[in-house]
Amino acid sequence: MDEQLCYAYAVVRSSDPPERTALADVRGVAGAPVTLVRSGAVAAVVSAVPREEFSEAALKVGLEDIRWLEATARAHHLVIETLAAHTTVLPMRLATVYLDEDRVREMLRERETTFTTLLDRLADHVEWGVKVYAEVPPASPPDPVAAGRPADEANPGRAYLRSRRHQRQEREDAWRLAEEAVRRTEEQARGLAVERTRHRPQEGGLAQAPGENVSNDAYLVPRRLSEEFRSRMLHAADGLHGIRVEVTGPWAPYSFTAPLAPDAQEEARRR
Amino acid sequence: MSEHGNYDDRPARQQQVALIDLLDRLLSGGVVLTGDLVLSIADIDLVRISLRAVVVAVREQLDEQWATFLPQRRTLTGHGGYGDEPR
């Protein structure tokens with residue numbers, strides 16, 4: 001047992017646990033069976049992981065390794081998805097690891113009220129991701145050969161300046177349209193979504209969708225309004241040239257696990 | 001979704017989601033626990049870690065790609081600006 005640590009995926013209500021059969025087919029991040037640790041009204045969903053791979057030092061190395069990170073993230077996600085198909089789930093951040101199940105039980109005991117409050121808020125809600133993309137012309141100078149017109153062949157400098165100006169104008173137009181699209185998604189979400197979280201716009205090697213990502217939002221939506229929300233978002237940028245709205249989900253409420261400020265809690269109760 | 005409030009309409013195994021969307025959620029969302037945690041991973045800026053991981057992975061790829069081309073690298077970077085690359 002010394003060689004094993006306890007990886008925690010999520011908290012669920014112990015009165016409403018996923019059926020044993022639901023978790024039976026699922027293996028955790030290190031291939032071990034997924035089980036429940038109960039305490040009062042809540043239960044943590046956990047699995048054993050080898051210390052050699054999940055100690056603090058090993059995690060620091062693992063998280064820097066994109067292959068390890070992807071495998072762990074996908075395994076974590078599969079457990080969350082399986083749970084979310086059966087019950088309200090409060091996901092934990094990736095790589096939440098305890099020494100043993102007793103420590104998990106202790107943590108649950110201390111935070112029972114916080115967890116039940118969050119679970120109440122998330123019950124019958126799903127998360128949708130809404131990303132706005134713009135086809136912004138590249139900032140790099142245009143190909144002088146392609147930009148040149150026959151009449152300008154004698155004066156490539158002027159042709160170049162003209163095409164630069166034209167390009168700048170195109171970029172400005174694209175950004176204006178993108179802003180308009182974001183505004184429309186916000187407007188369309190009103191009355192359907194109950195909360196919003198903004199993620200950083202996606203860029204870099206993993207951002208493979210075409211165009212430039214200008215907004216990367218997550219919305220918490222009551223399950224019964226879910227389809228309406230999705231279809232409204234998919235049409236939010238209709239008529240805006242070069243703008244695309246990408247909708248992902250439904251997700252478990254990953255982006256809505258922070259306790260609300262007292263004011264917002266009051267507002268949520270009134271709703 | 002067929003029925004309001006029905007849990008069973010969500011496929012247990014969805015089509016594979018994009019890793020970047022998943023990392024947005026797993027590295028900046030989810031409950032962060034501290035205190036009793038024996039591992040202080042929650043204190044670490046996970047987003048930065050993941051970005052670094054991505055950057056490293058990309059750099060490795062580039063290095064691999066460029067390894068074959070390095071001698072002719074100048075001809076590959078054709079966007080240096082007007083006049084940089086005589087044609």
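Modeller: Start with contacts. Two residues are in contact if their C-beta atoms, placed from the backbone, lie within 7 Å. Keep in mind that this model is predicted.

Colleague: Take contacts in chain A between residues at least 6 apart in sequence. What percentage join residues at least 24 apart?

Modeller: The share is 76%.

Colleague: How many helices and strands does chain A have?

Modeller: Chain A has nine helices and eight strands. Chain B has three helices and zero strands. From its N terminus, chain B reads α-α-α.

Colleague: And burial? What percentage of each chain is buried?

Modeller: A residue counts as buried if 20 or more other C-beta atoms lie within 10 Å of its own. In chain A, 41% of the 271 residues are buried. In chain B, buried residues make up 20% of 87.

Colleague: Now the sheet. How do I read strand order?

Modeller: Strands of a sheet pair through backbone hydrogen bonds, either parallel or antiparallel. Here, four strands of chain A form an open sheet in the order S2-S3-S1-S4, with antiparallel pairing.

Colleague: Which strands stand at the edges?

Modeller: S2 (34-39) and S4 of chain A do. Each has a single partner strand, so one side of each lacks a neighbour in the sheet. From one strand to the next, the twist averages 30°.

Colleague: Over how many bridges do S2(A) and S3 of chain A pair?

Modeller: S2(A) and S3 (residues 42-50) pair over six bridges, in the antiparallel sense. For one residue pair, look at A:Val34, whose bridge partner in S3(A) is A:Ser47.

Colleague: Which strands does H5(A) lie across?

Modeller: H5(A) lies across S1 (4-13), S2, S3 and S4 of chain A. Relative to S3(A), H5(A) runs at about 135°.

Colleague: Pick a residue in that helix. Is A:Leu119 buried, exposed or partly exposed?

Modeller: A:Leu119 lies in helix H5 of chain A. The cut-off for buried is 20 or more other C-beta atoms within 10 Å. A:Leu119 has 19, so it is partly exposed. Setting aside neighbours within four places in sequence, A:Leu119 contacts A:Arg13, A:Thr88 and A:Leu90. By contrast, take A:Leu119 and A:Arg196: these are 77 residues apart in sequence and 17 Å apart in space, C-alpha to C-alpha.

Colleague: Next, domains. Where are the bounds in chain A?

Modeller: Domain 1 covers 4-122 and domain 2 covers 125-270. Their contact takes 10 residues from domain 1 and eight residues from domain 2.

Colleague: Which elements of chain A give two or more residues to the domain 1 side?

Modeller: H4, S4 (90-98) and H5 (101-122) of chain A do. H5(A) gives the most, with four residues. By class, the domain 1 side has seven nonpolar, one polar and two charged residues.

Colleague: Last, the core. How many residues are in the largest nonpolar core?

Modeller: That core has 78 residues. A:Tyr7 and A:Ala10 have the most contacts inside it. Helix H4 (residues 66-84) of chain A supplies the largest share, nine residues.

Colleague: Why does this core lie between domain 1 and domain 2 of chain A?

Modeller: Both domains give residues to the core, so it lies between them.

Colleague: What does A:Ala10 touch?

Modeller: Leave out residues up to four places away in sequence. A:Ala10 then touches A:Val45, A:Ile80, A:Leu83, A:Val89, A:Leu90, A:Pro91 and A:Met92. A:Leu90 is also one of the contacts of A:Leu119.

Definitions and conventions:
Residues are numbered from 1 along each chain as its sequence is written. Chains are lettered from A and ligands numbered from 1 in the order in which they are written. This is a predicted model: local features need pLDDT of at least 70, side-chain atom pairs count only at pLDDT 80 or more; totals for chains, interfaces and linings use all residues. A nonpolar core is a set of buried Ala, Val, Leu, Ile, Met, Phe, Trp, Tyr and Cys residues joined through C-beta atoms within 7 Å. A residue is buried if 20 or more other C-beta atoms lie within 10 Å of its own, exposed if 12 or fewer, and partly exposed in between; C-beta atoms are placed from the backbone. Domain bounds come from an automatic or database domain assignment. Ala, Val, Leu, Ile, Met, Phe, Trp, Tyr, Cys and Pro count as nonpolar, Asp, Glu, Lys and Arg as charged, and the others, Gly among them, as polar. Two strands pair if DSSP finds at least two bridges between them. Axes are lines fitted to C-alpha atoms, for helices over the stretch in contact, and angles run from 0 to 180 degrees between N-to-C directions.
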